[in-house]
Amino acid sequence: MNMKTIFITGGSGYLGAVLVKKLLKKNYKIINLDPMIYSNSPRVEKTHKNLKNFIGVTEDKYILNKIFTNKIYAVIHLSGVSNDPTALLNPALTEKSNIQATKLLIKISKKNKVQKFLFASSCSVYGFTGKQKLVNEKSKSRPISEYAKSKVIGEKIVLKEKSKNFSVNCLRKGTLYGPSPRMRFDLVLNTMVGSAIQAKKIVINGGDQWRPFLHVEDAADAYVKLLEAKNNKTNGQVYNVGANSENFQIKELAYAIKKIIPKSKIKFSKNFDNRSYKVNFDKIEKDFDWKPKKKFKTALPQL
């Protein structure tokens, strides 16, 4: 019977809400720290016997010290400013929520003898990679946005703290999509589907850009896989999370959505998005025998 305690920051967010459900089903004890700023934050798990919810932000050392009075096996750090426009709108908040919070959390985790620390990063750290170039974990990070820059800094903070008794990993996820109890409509595929249904149009900024796409359920499964892995050789490693077959140009997504919602019109915008990256995902499959189960084209009708 597994009763290890996992501390998740952002456990009521888009990915966190899916991950918490999966971990509770696997009989982990969960401590969730989330600012709960959305009225429709998931309520289903609030009464679960193995879940404690704390309302607050990760950069608050007082609430962290209170949480760490519990014996915690692993920390999954998902919280922070989670998109490019918000990060650009308030760089000071991004610095506090994405960088200072990570510094504080990893310091307190190590001090309290946490054994595993999983950091939520993003494939957006690759920035712009040209038309055909396939990047992997050894490729140079070229972050364009404030959000992506904060993730590069966060990775460095986390990776330098690895030790024999403190295993750390950074998960660079593809662009997430799919239904969640705490839904987001600022993610490109979710936005396009929402707009096609509601406004009968799909607006594309450019369209030739490459992005890797990852279903939110698969993203949660990747965290579970790394959490339960026993291979010490993977300590201190960065992993791209996704599948090689799930790299698409943005315009491909629009045409696929239009097939399902034929009354929608595709509209090309002059606001060009300069982020474009085609990513290789061989490493996570090789090290953990893991790859996503869901394909964009078969998962799209569900969304």
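**Strand E5 and its surroundings in the sheet**

In the predicted model, strand E5 is covered on both of its faces, with Lys116, Leu118, Ala120 and Ser122 buried on one side and Phe117, Phe119 and Ser121 buried on the other. In a regular strand the side chains alternate between the two faces of the sheet. Taken over its whole length, residues 116–122, strand E5 has seven of its seven residues buried, and it is therefore largely enclosed by the rest of the structure. Buried is used here for a relative accessible area under 20%.

The neighbours of E5 within the sheet were examined next. Strand E4, residues 74–77, pairs with E5 in the parallel sense over four bridges, and within E5 it is Leu118 that stands opposite Ile76. Strand E7, residues 167–173, also runs parallel to E5 and is joined to it by seven bridges; here Phe119 is found opposite Cys170 of E7.

These strands belong to an open sheet of seven strands, which has the order E3-E2-E1-E4-E5-E7-E11 and parallel pairing. The edges are formed by strand E3 (51–55) and strand E11 (237–241), each of which has a single partner strand, so that one side of each is left without a neighbour in the sheet. On average, and with direction ignored, neighbouring strands of this sheet are turned by 20 degrees against each other. At the E3 edge, strand E2 (residues 29–34) runs parallel to E3 and is joined to it by five bridges, with Leu51 in E3 serving as the bridge partner of Ile30. Helix H7, comprising residues 216–228, lies across strand E1 (5–9) as well as E4, E5, E7 and E11, and runs at about 150 degrees to E5.

The interior of the model was also searched for enclosed space, and two cavities of 30 Å³ or more were found in the structure. The second largest cavity holds about 30 Å³ of space, and its lining is made up of His77, Ser79, Asn98, Thr102, Phe119, Ser150 and Lys151. Phe119, which is buried in E5 and stands opposite Cys170 in E7, is thus also one of the residues that line this cavity. Helix H4 (91–111) and helix H5 (146–159) each supply at least two residues of the lining of the second largest cavity. By class, this lining consists of one nonpolar, five polar and one charged residues.

Notes
Residues numbered from 1 in each chain as written. Predicted model: local features only at pLDDT ≥ 70, side-chain atom pairs only at ≥ 80, totals over all residues. Heavy atoms only, no water. Buried < 20%, exposed > 50% of the residue type's maximum accessible area, 1.4 Å probe, protein only. Pairing = 2+ DSSP bridges. 1 Å grid on protein atoms, 1.4 Å probe; cavity = no way out; pocket = protein on both sides within 12 Å on 5 of 7 lines; lining within 4 Å. Points joined across faces, edges and corners; volume = space filled by probe spheres on them. Nonpolar A, V, L, I, M, F, W, Y, C, P; charged D, E, K, R; others polar. Axes fitted to C-alpha atoms, helices over the stretch in contact; angles between N-to-C directions. Contact = heavy atoms within 4.5 Å.
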